[in-house]
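Visitor: I have a structure to look at and some questions about its strands and its core. Could you take me through them?

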Amino acid sequence: MQTLREFTRKTRRGNILKIVREHYLRDDIGCGSDLCRQCFQNEVHQLTSQHEIQSSLFKFPHYIVLDTNVVLDQIDVLEEDVLRNVVVLTTVLNEVKHKSSSIYKRFNELVHDRTRNFYVFVNEHHKDTYADREPDETANDRNDRAIRMATKWYDDHLQASQSPKDLERSGRAATRVILLTDDAGNRAKAEAEGILVANAAEYVKSLEDFPLLMDKLSHKSFESEKHALPQYPPHLSMKELLEGLRQKKLLQGAFQASRENYLEGSVNVEQFEKGILIQGRESLNRAVDGDLVAVELLPESEWSAPSEIVLEEKNVYADDVPSEERAEEEKDMLQQVQAASKALTAERTPTGRIVGIVRRKWRQYCGILQPSLIEDTNRHIFVPADRKIPRIRIETRQAAKLQNQRIIVTIDTWPRNSRYPHGHFVRSLGPLGDTATENEVILLEHDVPHCKFSEEVLSFLPKMPWSITEEDYSKRVDLRDLYICSVDPPGCTDIDDALHCRELPNGNLEVGVHIADVSHFIRPGNAMDKEAAARGTTVYLVGKRIDMVPELLSSNLCSLVGGVERFAFSCVWEVDQEANVLAKRFHKSVIKSKRAMTYEEAQVLIDDSTEQGEIAKSLRHLNRLAKILKKRRMDNGALVLASPEIRFQVDSETHEPLEVEVKQMRETNSMVEEFMLLANITVAEHIAGEFTECAVLRRHPRPPPTNFDPLVKAARYQGFEVDIESGLVLSHSLDKCVKDDNPYFNTMIRILTTRCMMQAVYFISGSLQKEEFFHYGLAAPIYTHFTSPIRRYSDIMVHRLLAASIGADGTYAQLLERKANEELCHNLNYRHKMAQYAGRASVALNTHLFFRGKEEEEEGYVLFVRKNALQVLIPKYGLEGTLYLKTDKDGKDGVERTKSDIVFTFNEEDHTQRCGNVVFHSFDPVTVRLSLDSRNVQHEKLIFQLVKPYIKGFSVEPTATEADNQAPPPSKKTKKDKKKKYPPPFLN
């Protein structure tokens, strides 16, 4: 049967286009029920009488039809293995797909899980359930009518299929079909049409065998707050927002909440370099970190400056009424900040207030339940692990069980009359403080995909045992006789690069960088390729690695281990003795690494003059050339930056940190780095020349001059002038920042410089002008990533471009499609940033585990001077911490303390703190006592207490012996954490 579907579409020019399409209807689409004897069932029954749900609302067997809003709002309920015999209409499936891709993906997994008995009924093509859109009927009303029509048909169809005599004989009630909808209008129409209907909350509450399922219900409002007074201004409607944005009365951007001050945030807007500052609860107006918001810019006379106060919110409880005292405190704090900023006209920044939400970016959040003051209450406050996320009100009946557990909660809504957003409990992760649980929190909070690879992905792996065939040899350059070796950190199993250097008869040298040929195993467009593209990068935690590709590839078939034949993509140069490149070539190859070494082993081999083997000679040539290449880069203006990096010795059984130490850098680290940089630059030049519109490149934007203000001021106080006119003069300025009495001073200056840098990003060559390709940190006119395809998807993309350019592999549509590749680059930039943050969070977690139950006194330096704190760096451990100061007698700096006569005074002009005769400047040496504060069970933190200089009433008394001497040596066998080498910080 055929019908016609008509709909209109507005063109870009504003014309109305009428579209008519043929639509086929069928009479052979089965209902999927094992009770039916009428339908032709072309597959195994999905709706069976074996899985009946006991409901106090519907005391008879029944199937469930879901409305779209139930799927969108109650997906956490649906994912629980409770609801069975669910009819999924294609109308609903299409609406969910259109409204939320993330929920569609989760719902689709449920539909395809045969154990759950979810049956997709193609109602849009069934002759009895198709609904034509009526005149003046909205698309939403038409879809609601289609859902009711299909539910009614199902119920009538099943009743006709069940014989009254058979039901009487069996003593069973007839199976009916009920509609679950949270749309009041749709429900009223369904009841009028004689359809059995309920909302999601009513139905879940009727499942008496599953009382805890009510915790997962999405709540739009709580009974206790329905009549509360508004605490926030109303949001503008979407129509008002769009009109304001069109007239440029409003600005749009992503909201970023402050980690250090819960009453402050900023909105990144294209028109303003540093974004728009938002201060105060009313101006923040219910925005959550990541939301796309509309901002109204305040008059310039009302602009403010970012507060330097570290402000944490005090505990509140789920049953608290809005506190006038708390509101007054917040207003007082805001007035103090604004008054101080008015005195500093130069530091004032564009300031605004949020007037509406364009698009929410809510996700699932990890955290803990705050203990309630009231016994047997269902209302609780959830405290997220991420300080940028506000606390969330939830209802749960299992609070006692969830105490001291890490749990996941999601936000449902944030009404005007509630101080906090409303949400619901999703699931428990495990005990608070457990290493496995805390690692899971890190991965979830940083949106790191870490589930096991699906069977579909694994199906594209080579069948084992795998070996290189004669056909493979014929298509590649055979380099198995070369003395190729790899140099990596200890314990590294995903070896993706190897090197060689040999003397040529003409007196020149041949240098080769050989990179694992991952693109040979991962073909474009298959499930493994899509999964690698979605993950973007391998993520390294302490003692744990989240692979981008399955382990068979990352640690076996693609890893360039010693003594085994492997596929490689080789970049080979002919250079003279002064490291000038005379010729270059690229080819796919077969190599056999002669040795896989650690940086330390390679350094020993280079330094031992008695070693005269081919590998030792190769390494010495490479090391000598690398020094020339590095000097040349420095002379061109490349920056040598620094970041405090540490590594842990991890217990091989418990995986707990036993020792923490600063990472050592050797000449061999620099040697490998230089040739990886040379390979990346050489490949970038080649693919940009071959593919001018779609080459995948990496750029490092020049930081705006204002970024360098903290560095310039700090160096000036120490008697040094830092010139930021260009990368070259900045590099020379940093080289001059040396103090004979403080050997760590230059490192600290470089750490400060690193903080001033912009993030390096991937981009497509056709999207920018050539002048914008520049990589500021490397002083390179063009750059890309080629050398780590096992752990970076960007490198796989570059390999495919390079292979296509030399005829080693074919092209395909998406390889040359600029828009698709720009979207890929956007995801890669996001994944790369999140991987960095996750790695830092893992280091912080293990630092806390290491200091648990310990106290140590260490030498440190003041890195920053803040209004109410000193940021202190401990060189021995490469870690930073905050030493809080008493800035007034009332504790209004946001940290609860007892009153004291010791008061520190902050000088705005030279950024110093004074207490009596003691003055603290940036880079001043201090001695601090380190200990772990576990009072806040969720946010354990290292406490820095001042030992020297001694301030009576504030400093702690020094211990009689050094804490290092008290700590017992590790008794168990240790192993280094498996951490891959990283390029310099500005490349990350």
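Visitor: In which sense do strands β34 and β35 pair?
Guide: This is a predicted model. In it, β34 covers residues 905–907 and β35 covers residues 912–915. Phe906 stands opposite Gln913 in β35. Over 3 bridges, the sense of the pairing is antiparallel.

Visitor: Which residue in the turn between β34 and β35 has a positive phi?
Guide: The two strands form a hairpin, with 4 residues between them. A phi of about 50° is found in this turn, at His911.

Visitor: Which residue takes a positive phi in the hairpin of β35 and β36?
Guide: β35 also pairs with β36, residues 918–920, in the antiparallel sense over 3 bridges. Cys915 stands opposite Val918 in β36. The hairpin has 2 residues between the strands, and the positive phi, near 65°, belongs to Gly916.

Visitor: Which helix gives the largest share of the largest nonpolar core?
Guide: That core has 88 residues, and Phe675 is one of those that touch the most other members. The largest share is 10 residues, and they come from helix α20.

Visitor: How many residues are in the other core, which lies apart from it?
Guide: Among its members are Ile53, Val88, Ile178 and Met214. The number of residues in this core is 55.

Visitor: Where does the pLDDT stay under 50, with 85 contacts beyond four places in sequence?
Guide: The protein averages a pLDDT of 84, and 87% of the residues score at least 70. Where pLDDT is low, the predicted coordinates should not be read in detail. The stretch asked for, with its 85 contacts, is residues 961–988.

Key
Residues numbered from 1 in each chain as written. Predicted model: local features only at pLDDT ≥ 70, side-chain atom pairs only at ≥ 80, totals over all residues. Heavy atoms only, no water. Pairing = 2+ DSSP bridges. pLDDT = per-residue confidence, 0-100. Contact = heavy atoms within 4.5 Å. Core = buried A, V, L, I, M, F, W, Y, C linked by side-chain atoms within 4.5 Å. Buried < 20%, exposed > 50% of the residue type's maximum accessible area, 1.4 Å probe, protein only.
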